[in-house]
Amino acid sequence: MEYLRNQNQDISTLSGVGVAAKASYAELGITTYSDLLLLSPRSWEDRSQVRPLGKLGDGQVANTLVEVLSHSYFGLKTGKKRTLKIIVRDASQQGDGRLSLLCFGRNFLEKTIRIGKLYYLYGSVSLHRGELQCSQFELYPATEDGDFPKQFGKILPIYPLRGSLSQRLIRTNIQAILSQVSQFSDELTADLKQRYDLLDTDQAIRFYHNPPTLEALEQARKTLAFTELFYLQLVARRHKGLEQRSKATGASIPSRLELACIETLPFSLTRDQLSSLKEIRQDLDSDLPMNRLLQGDVGSGKTLVAWISALHVLGKGAQVAFMAPTELLARQHAESGFQLLAKLGIRLAFLTGSVKNKERKLLLQAIAEGEVDIVIGTHALFSKEVVFHNLSYVIIDEQHRFGVEQRLALLEKARVPDLLLMTATPIPRTLSLTVFGNLNISTLHTMPQGRKSVITHLVNEQSRKRMYQAVGVEFTRGHQAYFVYPRIDDSGESDLRDVESMYEFLKSEYPSVSSALIHSKLEEEKKVSILKDYQEGKLGYLVSTSVVEVGIDIPNATCMVIEHAERFGLSALHQLRGRVGRSHLQSYCFLVFGNELTEEAKQRLKVMKESTDGFYIAEQDLLIRGPGELTGTRQSGYLKLIFASLTEDLHLIELVRTEADRILASDPGLVKAEHQMIRSVLSAAPPFEEESCDA
């Protein structure tokens with residue numbers, strides 16, 4: 001937000017910011033005045049209203065004047081040091097009641113908190129055996145005139161802390177910066193402010209850091225969030241508008257190759273696959289380059305849609321590049337593509353870093369001369385030595401695993417390529433409305449017919465034996481299983497189970513079932529050989545790390561066991577579970593967890609138990625983890641929303657999207673006088689980092 005970003009003075013020029021404080025600020029990413037003004041409080045404490053003791057219940061906050069009645073100690077007389085207990089009574093005019101202050105580690109308060117004296121108290125209380133208690137509190141001596149001291153009588157922002165920083169220092173520094181700025185320039189038009197009851201930008205900034213009332217705080221946050229989302233939407237929608245395809249492109253009928261491929265399938269395409277193919281076809285037939293995201297749950301048939309859509313391009317004599325993040329996944333795609341397309345006369349090639357010497361030279365020559373129709377590979381596709389004859393369509397699977405530079409390097413190998421991004425991590429609606437505002441999105445909701453939902457069990461240590469027995473039953477039925485662990489070997493530094501140790505254990509647990517060990521340290525050819533044996537049914541189970549998370553399609557596999565499931569993110573858990581349930585067979589997922597679980601881990605396991613819907617899981621992941629991690633943008637610096645919340649401001653997002661579209665429809669170039677302010681903000685803003693946003 002440009003009204004804040006032009007405050008570039010070094011943070012060390014502020015009073016109280018020495019070497020230690022500067023280093024602590026740096027840990028929060030703060031080096032300038034602008035950075036500090038953009039530091040959003042994690043909460044606010046309302047000390048503006050008296051909340052007497054007599055009216056409080058368990059978990060509520062006291063904010064009142066109290067008189068100290070007595071000091072005493074509790075705890076054992078021997079061993080650990082006893083703890084000071086201070087009894088106070090409410091001395092405000094609004095209430096009565098008593099409270100026990102438990103001074104853990106603060107026995108020194110006996111000398112400073114005097115019996116019979118009056119103090120202002122702030123703290124969260126709890127009810128224990130009929131006694132109102134408080135262990136985290138602040139006490140300040142009452143003033144003679146009875147007025148609240150600085151820490152009371154107002155709404156205080158609570159900022160995130162690091163190192164030597166204190167709330168007092170941060171508040172003081174922010175107020176010092178605000179006092180130096182006479183006025184921040186407005187960034188919203190009078191029309192928008194009036195229509196949505198928003199504040200002037202200057203007032204909103206000052207109220208946000210120093211709110212006079214809760215109502216003013218909410219109005220300030222709404223104003224700043226609206227502004228932030230409005231410009232994010234405006235840039236995304238403007239960019240999309242500049243590249244928007246003409247809808248008058250005709251019916252975009254399937255080509256002969258597409259129809260021939262569909263006729264060979266032993267099943268019917270789902271409704272969503274057909275509609276997605278139609279959307280992609282219309283884009284491919286347009287004069288402007290396609291920029292489309294194909295999202296769908298694990299097993300929904302995205303890859304098949306990609307292959308069929310590629311045939312539409314090949315019918316015009318162009319080339320297609322299909323990129324995957326790992327050699328294992330790229331090889332799986334190459335095999336499936338060959339089985340589907342080779343019989344139609346399509347020439348496919350597989351190119352990764354492991355293709356070397358004479359074979360590589362011949363392959364590169366064939367690609368350059370147009371003797372290859374589809375090239376499937378990893379990041380090797382965007383190396384300088386790879387030259388295409390007529391590349392016009394780029395498909396990128398699991399695109400969030402690629403960096404911006406990698407994607408751009410591949411796109412630069414074509415003049416104006418059509419781009420299809422694929423992700424098995426569905427995009428929550430709030431993200432699709434903001435981050436992906438410049439992308440067209442096709443979604444596969446429906447699953448192929450005959451698929452059964454995977455039954456998920458949460459397994460503690462006491463249930464482990466029953467789990468092994470259940471998997472054993474599946475082996476007697478001729479089915480296969482995966483056992484996934486977070487570590488490769490036992491380094492002696494952790495009590496986590498590892499693949500090598502558990503491989504030996506499982507061989508004794510299932511002595512008559514053939515198995516193999518697979519992880520990232522194995523040579524690629526060895527991994528491919530193991531997966532081929534597994535695919536052919538020569539192996540009953542795999543003991544693996546998360547290397548099997550994507551791209552493995554074994555219809556006969558019905559059991560997925562994930563050890564230390566609390567260590568995996570929701571997306572990884574959902575992807576791993578998606579390795580089973582890929583046929584008509586009933587499949588099972590066992591999430592084995594340890595004794596000590598964080599609240600976040602409990603939430604993740606609960607979500608996995610409740611649902612197999614990837615869209616619901618993605619929404620919950622957004623709520624639990626936030627957008628930075630979910631979109632893969634934590635390090636890229638793209639989606640660092642400061643004032644707005646993707647989980648709470650959906651209505652606001654929809655409003656600003658409508659406003660951005662309305663303004664661009666009436667004034668695409670933003671040349672009208674009433675849009676001069678918007679134009680000046682956009683011209684001062686950094687370039688839109690649309691490509692940094694990974695689905």
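The structure holds 14 aromatic pairs. The model is predicted. Two of the pairs involve helix α16, through tyrosine 468 and phenylalanine 475. An aromatic cluster and two arginines placed over rings are also covered below.

**Tyrosine 468 and phenylalanine 505**
- The ring centres of tyrosine 468 and phenylalanine 505 lie 5.5 Å apart, with the planes at 50 degrees, so this pair is tilted.
- This pair links distant parts of the chain, 37 residues apart.
- Tyrosine 468 belongs to helix α16 (residues 464-476), and phenylalanine 505 to helix α17 (residues 499-509).
- Tyrosine 468 is buried, because its relative accessibility is 5% and the cut-off for buried is under 20%.
- Phenylalanine 505 has a relative accessible area of 32%, so it is partly exposed.

**Phenylalanine 475 and tyrosine 510**
- Phenylalanine 475 and tyrosine 510 pair edge-to-face, at 5.0 Å centre to centre and 85 degrees between the planes.
- This pair, too, links distant parts of the chain, 35 residues apart.
- Phenylalanine 475 sits in helix α16, while tyrosine 510 is in the loop between α17 and β19 (515-518).
- Phenylalanine 475 is buried at a relative accessible area of 13%.
- Tyrosine 510 also counts as buried, with 7% relative accessibility.

**Aromatic cluster**
- One aromatic cluster is formed by Tyr196, Phe226, Phe230 and Tyr231.

**Arginines over rings**
- Arginine 47 places its charged end over the ring of tyrosine 122, 4.0 Å from the ring's centre.
- Arginine 106 lies over the face of phenylalanine 137, and the distance to the ring centre is 4.3 Å.

Methods. Residues are numbered from 1 along each chain as its sequence is written. This is a predicted model: local features need pLDDT of at least 70, side-chain atom pairs count only at pLDDT 80 or more; totals for chains, interfaces and linings use all residues. Side-chain values use heavy atoms; hydrogens and water are left out. Rings of Phe, Tyr and Trp (its six-membered ring) pair if their centres lie within 6.5 Å; planes under 30 degrees apart count as stacked, over 60 as edge-to-face and the rest as tilted. Helices (H or I, at least four residues) and strands (E, at least two) are DSSP runs, numbered from the N terminus. Buried means under 20% relative accessible area, exposed over 50%, partly exposed in between (1.4 Å probe, protein chains only). A charge sits over a ring if NZ of Lys or CZ of Arg is within 6 Å of the ring centre and within 35 degrees of the ring normal.
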